[in-house]
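The exercises below concern the sequence and structure shown next. Each task is followed by a stepwise solution.

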Amino acid sequence: FRRVLFRSVEAAKGTEEGTEFVGIQDFTELSVAPSDRPEPPSDPPPDNLKLDWVHGASTQGLRDAVRYNAAGEIVYPAASLAVVYNKPDVTQRFVSAHTDSVTCLAMHPAGDLVATGQCGASPSVVVADTNTGDIICRFETGPGFCGISAVDFSPDGSLLAFTAQDPSNTLFVYYWQDGILKAKMPSGPNKVLSLAFSPDSKQLLQVGVDHFTMWYIRGKFLKS
């Protein structure tokens with residue numbers, strides 16, 4: 001929108017030609033306002049945007065984060081979403097429950113529910129239905145944490161364990177359907193990368209940077 005005038009001039013030295021900038025004329029100097037200008041609208045535009053398709057997936061820094069649900073659909077994280085992709089129908093559904101990037105994901109043994117954790121201040125873990133995208137429950141860590149690094153369901157489906165990123169890498173174990181905190185304790189100074197329950201749901205394997213720990217679940221306590 002600017003008209004720039006140039007002219008060729010002889011270079012100060014030698015016989016080569018150079019280009020000399022001689023002026024800029026703004027487009028407003030060449031424009032004329034309409035004689036019958038309409039008034040700009042005072043109301044905000046309607047909020048009718050709808051997410052139609054997500055291209056790509058979040059895989060950097062995540063482990064075991066691409067899963068199948070009971071219907072054979074692919075469940076994976078993308079930015080702050082969990083995406084449910086139906087390959088035969090080429091359709092997607094979305095679990096939109098987080099305020100920041102999803103950092104871990106686990107499927108319930110029944111194959112219909114997914115648990116996801118996020119990064120950010122006061123991060124949360126959400127359990128959602130992959131068939132509908134509806135949020136079933138949410139677990140808040142509170143302040144002092146910067147993300148959720150790992151999450152897993154027990155094989156019997158009753159427990160949900162996750163580790164938060166703080167100086168102690170705090171481990172949480174919930175009776176998730178009742179929202180009851182079963183156990184909470186520091187898991188160590190190193191970041192946790194993965195969690196896995198034993199087949200009888202009485203032990204929990206923790207794997208991370210330069211360590212692994214086997215936790216024994218005894219009532220309200222965890223013992224290593």
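**Exercise 1.** Which backbone oxygen does the side chain of histidine 108 reach? Place this residue in its surroundings.

*Solution.* The model is predicted: local features need pLDDT of at least 70 and side-chain atom pairs pLDDT 80 or more, whereas totals for chains, interfaces and linings use all residues. Residues are numbered from 1 along each chain as its sequence is written, and side-chain values use heavy atoms, without hydrogens and water.

Step 1. The side chain of histidine 108 reaches the backbone oxygen of glycine 157 at 3.3 Å.

Step 2. Histidine 108 belongs to the loop between S7 and S8; strands (E, at least two residues) are DSSP runs, numbered from the N terminus.

Step 3. Histidine 108 has a relative accessible area of 13% and is therefore buried (buried means under 20%, exposed over 50%, partly exposed in between; 1.4 Å probe, protein chains only).

Step 4. Beyond four places in sequence, histidine 108 is in contact (heavy atoms within 4.5 Å) with Leu113, Phe153, Gly157 and Trp176.

**Exercise 2.** Determine whether isoleucine 180 is buried, exposed or partly exposed, and list what it touches.

*Solution.* Step 1. Isoleucine 180 is partly exposed because its relative accessibility is 44%.

Step 2. This residue lies in strand S14 (residues 180–186) and touches Val173, Tyr174 and Tyr175, not counting residues up to four places away in sequence.

Step 3. The C-alpha atoms of isoleucine 180 and leucine 159 are 9.8 Å apart, with their positions 21 residues apart in sequence as the separation.

Technical notes: Helix = DSSP H or I, 4+ residues; strand = E, 2+ residues; numbered from the N terminus. Polar contact = N/O pair within 3.5 Å; in protein donor to acceptor, adjacent residues only side chain to side chain.
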